[in-house]
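Hi everyone, thanks for making room for me today. I'd like to walk you through one model, so have a look at it first and then we'll go through it together.

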Amino acid sequence: MHRLAVGAAVALMALALGGCAGQQGKKELTTGSIPKLSKPVQSMNATELAAAAENIGQAYERDPKNREAGLNYANLLRMSGRNEQALAVMQQVAINHPTDREVLGAYGKAQAAAGQLEQALQTIGRAQTPDRPDWKLKSAEGAVLDQLGRSSDARLRYREALDLQPNEPTILSNLGMSYLLTKDLKTAETYLRSAAEQPGADSSVRQNLALAVGLQGRFQEAETIARQELTPEQAEANVAYLRSMLSQKGAWTELAKADDGNTN
């Protein structure tokens, strides 16, 4: 895979697998008998995420068999970039709840975030059932397949997910990022713009769209997209991330040039 495309793939994984440090893919926590958060997860900075992880972690340590505490603790660890710790927590949760689909799905996501991609595919596959397919698991499987460079298989999973959940913005965004990773920026923008127009699309979807637009040289438009519907602090963080990605000029220039002749 193209060296710089790996950076975009990280963004893709964050969105599809639900959690990382920074602005990507921050989700609300599962409710349960665990401490409540003082503010929404998506508005937390790194310090606040670390404090929340410490708080939820203490609840988990008091009751390691508590399913909700384990899921939420692993999720917060993953959003804080502590992927190995998140994986260790999810391994224990999976031992205690070996047939729980949500647990298996979260375990697979933790494996993928920690770089165990083949193992993640197997775990997510065990969580899926033919009679009750889950679009979130199909989308997560697609993200792992994209990380493995299997773009055709990944896009098949995304389209299967869309059959189950039409116009879901996270799936459309992942599909767009899949095309970005194979240097087809125009097709990537089409899917990402469609994703951003859907009800419920969050800032991570618009950030991916901003990246695809910026890679085509439309920097002012990209920054405008990155700032939409955010607080000034969040907008600056998104723009800083966008500028950081676009500042890697050499590799992204090659990516954009390749797109000029792309007909996929």
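Let's begin with helix 13, on the face turned away from its buried side: there you find the exposed residues P232 and E233. Keep in mind as we go that this is a predicted model. What sits on the other side of helix 13? The buried residues there are Q234, A235, N238, V239, L242, M245 and L246. They lie on the same side of helix 13 because the arc they cover around the axis is only 130°. As for its dimensions, helix 13 takes in residues 232-246, which is 15 residues, and its first and last C-alpha atoms are 21 Å apart, close to the expected 21 Å.

Now compare that with helix 9, residues 169-181. How many of its residues are buried? The count is 13 of the 13, so helix 9 is largely enclosed by the rest of the structure. Its length works out too: 13 residues at 1.5 Å a residue should span 18 Å, and the end C-alpha atoms are indeed 18 Å apart. Just after helix 9 comes a backbone detail for those of you who like torsions: K183 has a positive phi of about 75°.

Let me zoom out for a moment. The protein has 14 helices and zero strands, so to speak a single letter repeated: from the N terminus on, every element in the run is α. Of the 264 residues, 51% are buried. If you take the contacts with a separation of 6 or more, 56% of them are between residues 24 or more positions apart. The exposed surface comes to about 12000 Å², with carbon and sulfur atoms supplying 49% of it.

A word on confidence, since I know you'll ask. The average pLDDT is 82, and 78% of the residues score at least 70. Where does the pLDDT fall below 50? One such stretch is residues 1-15, which still has 46 contacts in the model beyond near neighbours in sequence. Another is residues 18-28, with 47 contacts of that kind.

Next, the aromatic rings. A pair of aromatic rings is described by the distance of the centres and the angle of the planes. This structure holds two such pairs. In the tilted one, Y60 and Y73 are 5.7 Å apart centre to centre, with 35° between the planes. That pair links distant parts of the chain, with Y60 in helix 2 (residues 46-62) and Y73 in helix 3 (residues 67-79), 13 residues apart. Both Y60 and Y73 are buried. The other pair is Y179 with Y191: the ring centres are 5.6 Å apart and the planes meet at 10°, so this pair is stacked. Here, too, distant parts of the chain are linked, since Y179 is in helix 9 and Y191 in helix 10, twelve residues apart. Are these two rings buried or exposed? Y179 is buried, because its relative accessible area of 10% is under the 20% cut-off. Y191, at 23%, is partly exposed.

Staying in helix 10, residues 185-197, we also meet E189. E189 is buried, with a relative accessible area of 11%. Which residues does E189 touch, leaving aside its neighbours within four places in sequence? Its contacts are L209, A212, V213, Q216 and R218.

Two more buried residues before I stop. W135 is in helix 7, residues 135-147. At 18% relative accessible area, W135 counts as buried. Apart from neighbours within four places in sequence, W135 is in contact with A161, L164, Q165, E168, T170 and I171. You can also find P166 in that part of the picture: the C-alpha atoms of W135 and P166 are separated by 9.8 Å, although the two are 31 residues apart along the chain.

And finally Q111, placed in helix 5, residues 101-113. Q111 is buried, with a relative accessibility of 5%. Not counting residues up to four places away in sequence, Q111 touches L87, Q116, Q119, A120 and T123.

That's my tour, and thank you all for listening!

Terms used: Residues numbered from 1 in each chain as written. Predicted model: local features only at pLDDT ≥ 70, side-chain atom pairs only at ≥ 80, totals over all residues. Heavy atoms only, no water. Helix = DSSP H or I, 4+ residues; strand = E, 2+ residues; numbered from the N terminus. Buried < 20%, exposed > 50% of the residue type's maximum accessible area, 1.4 Å probe, protein only. Contact = heavy atoms within 4.5 Å. Expected span 1.5 Å × (residues − 1). Arc of directions from axis to C-beta. Areas by Shrake-Rupley, 256 points an atom, 1.4 Å probe, with all protein chains shown as cover. pLDDT = per-residue confidence, 0-100. Phe/Tyr/Trp six-rings, centres within 6.5 Å; stacked < 30°, edge-to-face > 60°.
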